[in-house]
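This briefing collects computed features of one structure, arranged by topic for a reader who works from the atoms. Please read it beside the sequence and the model shown here.

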Amino acid sequence: MKLKVITKPNPILSEKSKKISRVDDSIKKLAADMAETMFGYGTEHESGVAIAAIQVGVPLRMTIIRDEENSNGYYALINPEIIKGTGKIIEDMEGCLSVPRKYGKVERFEKVKVRGINLEGKKIEIKAEGLMARILQHEIDHMNGTLFIDHVKNDEIYVLKQSGELEK
């Protein structure tokens, strides 16, 4: 079932999400609904690559990330935490389903090591770099009540125009 994406300025986006104590059918259903919501989001110039539960109004520590190798596939990551951030700090443009049509440059670690559990309830550890490292940091921020725009320097926010160009 496609869920409603919560957008700024809804105060729930500033809340810290709670840990999930066990993976049951309700968590698996939420994951499937979040995936449908992520895949259903999009315009000619935007698409969703990940979504946190808080973005659909559920303050639980879970994110869904699109599997780039399988067009309809996704990964669920429950109770993720960054164990280590390494490499250069890289500034790059980010956007968010909860802040539609807005973008800004955000500094993130080039590489991260993240620990969490999957939908089978098994502990997993992910080493990611590049875009996947950025996505993980962005999604974990959501679970801590932080939006990407909170990291943008000098409030330099860009707006996506109908043409697909970004305008300051």
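Thr37 counts as buried because its relative accessible area is 1%, under the 20% cut-off used for that class. The model is a predicted one, and the values that follow should be read with that in mind. Thr37 belongs to helix α1, which covers residues 25–40, and helix α1 also appears in the description of the largest nonpolar core.

**Two buried helix positions**

- The side chain of Thr37 comes to 2.8 Å from the backbone nitrogen of Leu3, and Leu3 is also listed among the residues that Thr37 touches beyond four places in sequence, together with Met1, Lys2, Val5, Ile51 and Val56.
- Ile140 is placed in helix α2, made up of residues 131–143, and it is classed as buried because its relative accessible area of 6% falls under the 20% limit.
- Once residues up to four places away in sequence are set aside, Ile140 touches Arg61, Pro80, Glu81, Ile82 and Val114.
- For one of these partners, Pro80, the separation along the chain is 60 residues, while the C-alpha atoms of Ile140 and Pro80 are 6.8 Å apart.

**Nonpolar cores**

- The largest nonpolar core consists of 19 residues, and within it Met34, Ile51, Met62, Ile64 and Ile78 have the most contacts.
- Two or more residues of this core are given by each of α1, β2 (62–66) and β3 (74–96), with α1 providing the largest share, 6 residues.
- Met34, one of the residues with the most contacts inside that core, is in contact with Leu3, Ile51, Ala52, Ala53, Val56, Met62, Thr63 and Ile64 when its neighbours within four places in sequence are left aside.
- A second core, separate from the one just described, has 12 residues, and Leu13, Val99, Ile149 and Val152 are included in it.

**The largest pocket**

- The volume of the largest pocket is about 400 Å³, and its lining is formed by 19 residues, among which Ser47, Val49, Glu94, Gly95 and Cys96 lie nearest the centre.
- At least two lining residues come from β3 and at least two from α2, and the largest share of the lining, 6 residues, is supplied by α2.
- By residue class, the lining of this pocket divides into 9 nonpolar, 6 polar and 4 charged residues.

**Backbone features to check**

- The peptide bond that leads from Lys8 to Pro9 is cis, with an omega near 15°, and Pro9 is located in the segment before α1.
- Asn79 is not a glycine, yet its phi is positive at about 50°; this residue lies in strand β3 and is assigned to the buried class because its relative accessible area is 14%, which is under 20%.
- Arg101, likewise not a glycine, has a positive phi of about 65° and is found in strand β4, residues 99–117.
- Arg101 is classed as partly exposed because its relative accessible area of 27% lies between the limits of 20% and 50%.

Definitions and conventions:
Residues numbered from 1 in each chain as written. Predicted model: local features only at pLDDT ≥ 70, side-chain atom pairs only at ≥ 80, totals over all residues. Heavy atoms only, no water. Helix = DSSP H or I, 4+ residues; strand = E, 2+ residues; numbered from the N terminus. Buried < 20%, exposed > 50% of the residue type's maximum accessible area, 1.4 Å probe, protein only. Polar contact = N/O pair within 3.5 Å; in protein donor to acceptor, adjacent residues only side chain to side chain. Contact = heavy atoms within 4.5 Å. Core = buried A, V, L, I, M, F, W, Y, C linked by side-chain atoms within 4.5 Å. 1 Å grid on protein atoms, 1.4 Å probe; cavity = no way out; pocket = protein on both sides within 12 Å on 5 of 7 lines; lining within 4 Å. Points joined across faces, edges and corners; volume = space filled by probe spheres on them. Nonpolar A, V, L, I, M, F, W, Y, C, P; charged D, E, K, R; others polar.
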